[in-house]
Amino acid sequence: MFPVESGADHRGRVPSDLQEAVIATGLKPASWAYAEEFVAEDDLMAAARARATEVGVVPIGSGGGATLRFLAAVTEARAVVEIGTGTGVSGLWLLRGMRPDGILTTVDTEVEHQRLAKQTFTEAGVPPQRARLIPGAALDVLPRLTDGHYDMVFCDGDKTEYPDYLDEALRLLKPGGIVAFDNALWHDRVADPAQRDAETVAIRELGRTVREHESLLPVLLPVGDGLLVAKKLWSPA
Ligand SMILES: C[S@@+](CC[C@H](N)C(=O)[O-])C[C@H]1O[C@@H](n2cnc3c(N)ncnc32)[C@H](O)[C@@H]1O
């Protein structure tokens, strides 16, 4: 596990070695940190992050979270699937963007993580019927969910399974729906051809498939550790 999602810590401070780094876009690390922290998180989100630290989970960064909320809002999402509940940081962002009656279905292998996520949602005043927490491995649970029912699928589970999550997402999404993958840059490893570990290879393979898929409209957003997003087209363009 890697400890942080972005170069900045949760207060937006950037380590001095990063401040010296050369960034391809020419932007200073301080600007990346400013963008990452542009939408502030509240105390409820901070509490969920603290729980994540306690159990060794790395939640999505605030930039990625704000992007998820935005995507859920612009699609007026009513039904969202999340793979990798953690302690509910990304789930709370999604729920805050979805329609007020929208239901988040979230899957995690760890019952303890889901217990903490439930605490996060309860403290945030999310009605219990809006969060369906399913314990289990994603590739066991997802085949039981309804085809073509979901507006959005967010993937943040086992990185080596990302290509399989894409297959499931394509089945689960309505036409026009959105799939998103966190850690699409995987701590600078994806862009470095010398890195050949299983997670990096799987994320790279996912990127190729999404980019070349005739039914997907892709974009790789450089927020946090990278958010790969694609829209399932109504029909091949
Ligand atoms: C990076 S954390 C998720 C963080 C969460 N999405 C957030 O941003 O708050 C990854 C989570 O995926 C879960 N996980 C790992 N492998 C999984 C699998 N095969 N199926 C479902 N969940 C899995 C872990 O238990 C962990 O809680």
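**Note on the helix 8 / strand 5 region**

1. The axes of helix 8 and helix 9 approach to within 8 Å and cross at roughly 35°. Helix 8 contributes Y162, P163 and L166 to the contact, while helix 9 contributes A202, I203, E205, L206, T209 and V210. Sorted by class, the contact comprises 7 nonpolar, 1 polar and 1 charged residues. The model is a predicted one, and the points below should be read with that in mind.

2. Strand 5 has partners in strand 4 and strand 7. With strand 4 (residues 150-155) the pairing is parallel, over 5 bridges, and M152 stands opposite I178 of strand 5. Between these two strands the chain passes through helix 8 (residues 162-172), giving a β-α-β crossover that is right-handed. With strand 7 (residues 227-232) the pairing is antiparallel, also over 5 bridges; here F181 stands opposite L228 of strand 7.

3. How much of strand 5 is buried? The count is 8 of its 10 residues, so strand 5 is largely enclosed by the rest of the structure. A residue is called buried here when its relative accessible area is under 20%.

4. The largest nonpolar core has 30 residues, and V153, C155, L166, V179 and F181 have the most contacts inside it. At least two residues of this core come from each of strand 1, helix 7 (138-141), strand 4, helix 8, strand 5, helix 9 and strand 7. Helix 8 gives the most, with 6 residues. L166 therefore appears both in this core and in the contact of helix 8 with helix 9.

5. V153 shows how these elements meet. Leaving aside residues up to four places away in sequence, V153 touches V81, A169, L172, L173, I178, V179 and A180. A second core, separate from the first, has 26 residues, including M45, A48, A180 and V229. In general, side chains in a regular strand alternate between the two faces of the sheet.

6. Two residues other than glycine deserve a look for their backbone angles. E76 has a positive phi, near 50°, and sits in the loop between helix 4 (62-74) and strand 1 (79-83). Is E76 buried or exposed? E76 counts as exposed because its relative accessibility is 52%, the cut-off being over 50%.

7. H187 also has a positive phi, near 55°. H187 lies in the loop that runs from strand 5 (173-182) to helix 9 (198-212), the helix that packs against helix 8 in point 1.

Notes
Residues are numbered from 1 along each chain as its sequence is written. This is a predicted model: local features need pLDDT of at least 70, side-chain atom pairs count only at pLDDT 80 or more; totals for chains, interfaces and linings use all residues. Side-chain values use heavy atoms; hydrogens and water are left out. Helices (H or I, at least four residues) and strands (E, at least two) are DSSP runs, numbered from the N terminus. Buried means under 20% relative accessible area, exposed over 50%, partly exposed in between (1.4 Å probe, protein chains only). Two strands pair if DSSP finds at least two bridges between them. A crossover is right-handed if, with the strands pointing away from the viewer, the path from the first strand over the helix to the second runs clockwise. Axes are lines fitted to C-alpha atoms, for helices over the stretch in contact, and angles run from 0 to 180 degrees between N-to-C directions. Contact means heavy atoms within 4.5 Å. Ala, Val, Leu, Ile, Met, Phe, Trp, Tyr, Cys and Pro count as nonpolar, Asp, Glu, Lys and Arg as charged, and the others, Gly among them, as polar. A nonpolar core is a set of buried Ala, Val, Leu, Ile, Met, Phe, Trp, Tyr and Cys residues joined through side-chain atoms within 4.5 Å.
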